[in-house]
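Here is a look at some strands, a helix and the empty space inside a protein model. Have the structure open as you read.

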Amino acid sequence: MSEFKLALVGAPNCGKSTLFNGLTGGRAKVANYAGATVETRSGRFSTSTGHQVELIDLPGFYGMTARSLDEKIALNVVMGHEGVRPDALLVLMDASNIRTHLHSVLQLKSLGQPMILSLNMMDLAERAGLEIDIDALEEQLGLPVVSSRATRKAGRDQLLSRLDEMLSRPLPQTEENTDLKPIRELQAEARAIANQVITK
């Protein structure tokens, strides 16, 4: 069975490192990209049905416009400019900041790669009185959406189940899409979706 390359992406401080350690058991291989001091980590894990996954933990970024070397490296990996194009994206988002970061999800979706959106820190969002209709969000985005708590094994089970579903089907071969919508249009679309899926 072939190994799938899964890029873990999201904004800084959304819990990526915690999820990476939880899925890979903290066994990380650290490497620098050629000509840069930016570090990225990769680790491996198996799903319950035996799919072998290489998880690449990329530096955090807020959108498709790189403002630092770290962000540029991360975006280059996502778009296949570093020699290896991931088979799919695992996009992690802080559930309590869905209004802020949803336009970045739309940007990533427009690249045309298979992806799963994981709303992390749902417990903190609920504690703050925020309720999100995950089924409605999945329908609006047209991609798998799960809630997760990266700090707990039980909080990662749904994510692993949906990942298994994705990997059980042939992944589409995608070409890089550079025809991205204007950021203002994406922000307006993100606001509209957020208004529909945030129920409280």
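Buried, in what follows, means under 20% relative accessible area. Keep in mind that this is a predicted model.

## Helix H1 and its covered side

Start with helix H1, which covers residues 16-24. Which of its residues are buried? They are Lys-16, Leu-19, Phe-20, Leu-23 and Thr-24. These residues span an arc of only 110° around the axis, so they sit on the same side of H1.

Right after H1 comes Gly-25, and its phi is positive, near 75°.

## Strands side by side

Now for the strands. S1 and S5 run parallel, joined by five bridges, and one pairing to look up is Leu-6 with Ala-88 in S5. S5 in turn runs parallel to S6, with six bridges between the two. Along that seam, Leu-92 has Ser-118 of S6 as its bridge partner, and Asp-94 stands opposite Asn-120 in S6.

On S6 there is also a link to strand S7 (residues 145-147): three bridges, again with the strands parallel. Here Leu-117 has Val-145 in S7 as its bridge partner. Helix H3 belongs in this picture too, since S5, H3 and S6 make a right-handed β-α-β unit.

## Two strands covered on both faces

In a regular strand, side chains alternate between the two faces of the sheet. With that in mind, how many of the seven residues of S5 are buried? The count is seven of seven. Ala-88, Leu-90, Leu-92 and Asp-94 point one way, Leu-89, Val-91 and Met-93 point the other way, and all are buried.

S6 (residues 115-120) is mostly covered as well, with six of its six residues buried. One side carries Met-115, Leu-117 and Leu-119, the other Ile-116, Ser-118 and Asn-120, and both faces are covered.

## The largest cavity

Rolling a probe the size of a water molecule over the atoms shows where empty space is left. A search of the whole structure turns up two cavities of 30 Å³ or more. The largest has a volume of about 100 Å³.

Its lining is made up of 13 residues, and those nearest the centre are Gly-10, Ala-11, Leu-92, His-101 and Ser-104. Strand S5 (88-94) and helix H3 (98-109) are the elements that give two or more residues to this lining. By type, the lining of the largest cavity splits into nine nonpolar residues, three polar and one charged. Leu-92, then, turns up twice: it lies among the residues nearest the centre of the largest cavity, and it is the bridge partner of Ser-118 in S6.

## The second largest cavity

What lines the second largest cavity? The residues are Phe-4, Lys-5, Leu-6, Val-53, Asp-87, Ala-88, Leu-163, Leu-167 and Leu-171. The space inside comes to about 40 Å³. Strand S1 (3-10) and helix H6 (157-167) each supply at least two residues of this lining, and S1 has the largest share, with three.

Seven residues of the lining of the second largest cavity are nonpolar, none are polar and two are charged. Both Leu-6 and Ala-88 belong to this lining, and they are also bridge partners across the pairing of S1 with S5.

Key. Residues are numbered from 1 along each chain as its sequence is written. This is a predicted model: local features need pLDDT of at least 70, side-chain atom pairs count only at pLDDT 80 or more; totals for chains, interfaces and linings use all residues. Side-chain values use heavy atoms; hydrogens and water are left out. Buried means under 20% relative accessible area, exposed over 50%, partly exposed in between (1.4 Å probe, protein chains only). Helices (H or I, at least four residues) and strands (E, at least two) are DSSP runs, numbered from the N terminus. The arc is that of the directions from the helix axis to the C-beta atoms. On a 1 Å grid over the protein atoms alone, a cavity is a set of points where a 1.4 Å probe fits but cannot get out, and a pocket is an open set with protein on both sides within 12 Å along at least five of seven lines; lining residues have an atom within 4 Å of a point. Grid points are joined across faces, edges and corners, and a volume is the space filled by probe spheres set on the points. Ala, Val, Leu, Ile, Met, Phe, Trp, Tyr, Cys and Pro count as nonpolar, Asp, Glu, Lys and Arg as charged, and the others, Gly among them, as polar. Two strands pair if DSSP finds at least two bridges between them. A crossover is right-handed if, with the strands pointing away from the viewer, the path from the first strand over the helix to the second runs clockwise.
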